[in-house]
Amino acid sequence: MGLNDGQTDYKPLEKEETKSVSIDDLLEQLAYKPNWKYCIAVLSLMLVWHAQPAIVYMTVFAGITPSASNTNWTCISARCTELAVEDPCATSNETGVDVLILNSSEYKWNPERTSFVIDFDMVCSTGAEKTLVSSIFFIGALCGLIFGGYMFDTFGRKPSSLLGGFLAIAITFAAFFCNSYAFLLAIRFIQGFGLFMIGTGMYILSQELLPGRYRNYINGLTMSLWAIGYPLGSLIGYFCNDWNAMFLVGSIVLAITC
């Protein structure tokens, strides 16, 4: 009789196959219709895009250039009155080079609303100084995108986005106290840096938290929020006659949407 006679042969148990669950499968469960709180939370991440156009194009209203009509400026010096110049930006070409006839200290503007173009004596200057105020914003945005890519992967989407949001809100509020052209340029650079850092971070985070079938809808919603932001900037520019106050209101809007 063999050793195994009368005994049952046992086979080793086979491991049960486990079904792998992908990230998209988990997101599908989270984004299931009854879980509306999750969907609202993800959509709220995109609200920051609603305020961005108002900040980007705020200089359009804050830097209005006054016309040279007689009602917008008055002489405050005897030389200005004596010359009877009709345009404060009039030039003389006696030496072969265009030179302003009047100094900015010989007249004053009487605008209906304040403007950094007037405050920083840029009315009669070349357009380069005014253009730089807008252009430097996008230089800061480019730096924010590059630096943000490193921050998102190193410290996480949420902390890095919150840092960008804090920078944008703080520097926009600081513009309420801006009193020099150099300070304004620094403000615009940091605004671009912070806004595009938080905007990109929130966009990436929302895409990662949504199932693939919802991502195209969120992309469309993002662009819609950007478009809605244009009227918001127009309203701020219309009701605020002081350019510093425009930035103050902008910082409040950013704080609410961020």
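Start your tour by selecting Trp243: leaving aside its neighbours within four places in sequence, Trp243 is in contact with Ala62, Thr114, Ser115, Phe116, Asp119, Phe120, Ala175, Cys178 and Leu184. Contact here means heavy atoms within 4.5 Å.

Before moving on, note that this is a predicted model, where local features need pLDDT of at least 70, side-chain atom pairs count only at pLDDT 80 or more, and totals for chains, interfaces and linings use all residues. Residues are numbered from 1 along each chain as its sequence is written, and side-chain values use heavy atoms, with hydrogens and water left out.

**Stop 1: the core**

Keep Trp243 selected and add Phe116, Phe120, Leu184, Leu195 and Ile236: these six have the most contacts inside the largest nonpolar core, a set of 46 residues. Such a core is made of buried Ala, Val, Leu, Ile, Met, Phe, Trp, Tyr and Cys residues joined through side-chain atoms within 4.5 Å. Among the elements that each supply at least two residues of this core are α3 (48-56), β4 (107-109) and α10 (212-239). Which element gives the most? Colour α9, which gives eight residues. Helices (H or I, at least four residues) and strands (E, at least two) are DSSP runs, numbered from the N terminus.

**Stop 2: two helix pairs**

Now show α8 (residues 157-174) with α9 (residues 181-209): their axes come within 7 Å and cross at roughly 150°. Axes are lines fitted to C-alpha atoms, for helices over the stretch in contact, and angles run from 0 to 180 degrees between N-to-C directions. The two helices are therefore roughly antiparallel (angles over 145 degrees; under 35 is roughly parallel, 65 to 115 roughly perpendicular and the rest oblique).

Swap α9 for α7 (residues 127-155), whose axis comes within 7 Å of that of α8 and crosses it at roughly 140°. That makes α7 oblique to α8. To see where they meet, pick Met151, Phe152, Asp153 and Phe155 in α7, then Arg157, Pro159, Ser160, Ser161 and Leu163 in α8.

**Stop 3: two single residues**

Is Thr59, in α4 (residues 59-62), buried or exposed? At 7% relative accessibility, Thr59 counts as buried (under 20% relative accessible area; exposed is over 50%, partly exposed in between, with a 1.4 Å probe and protein chains only). Beyond four places in sequence, Thr59 is in contact with Phe116, Val133, Ser134 and Arg188.

Finish at Val249 in α11 (residues 243-257). At 28%, Val249 counts as partly exposed. The C-alpha atoms of Val249 and Ile236 are separated by 7.3 Å.
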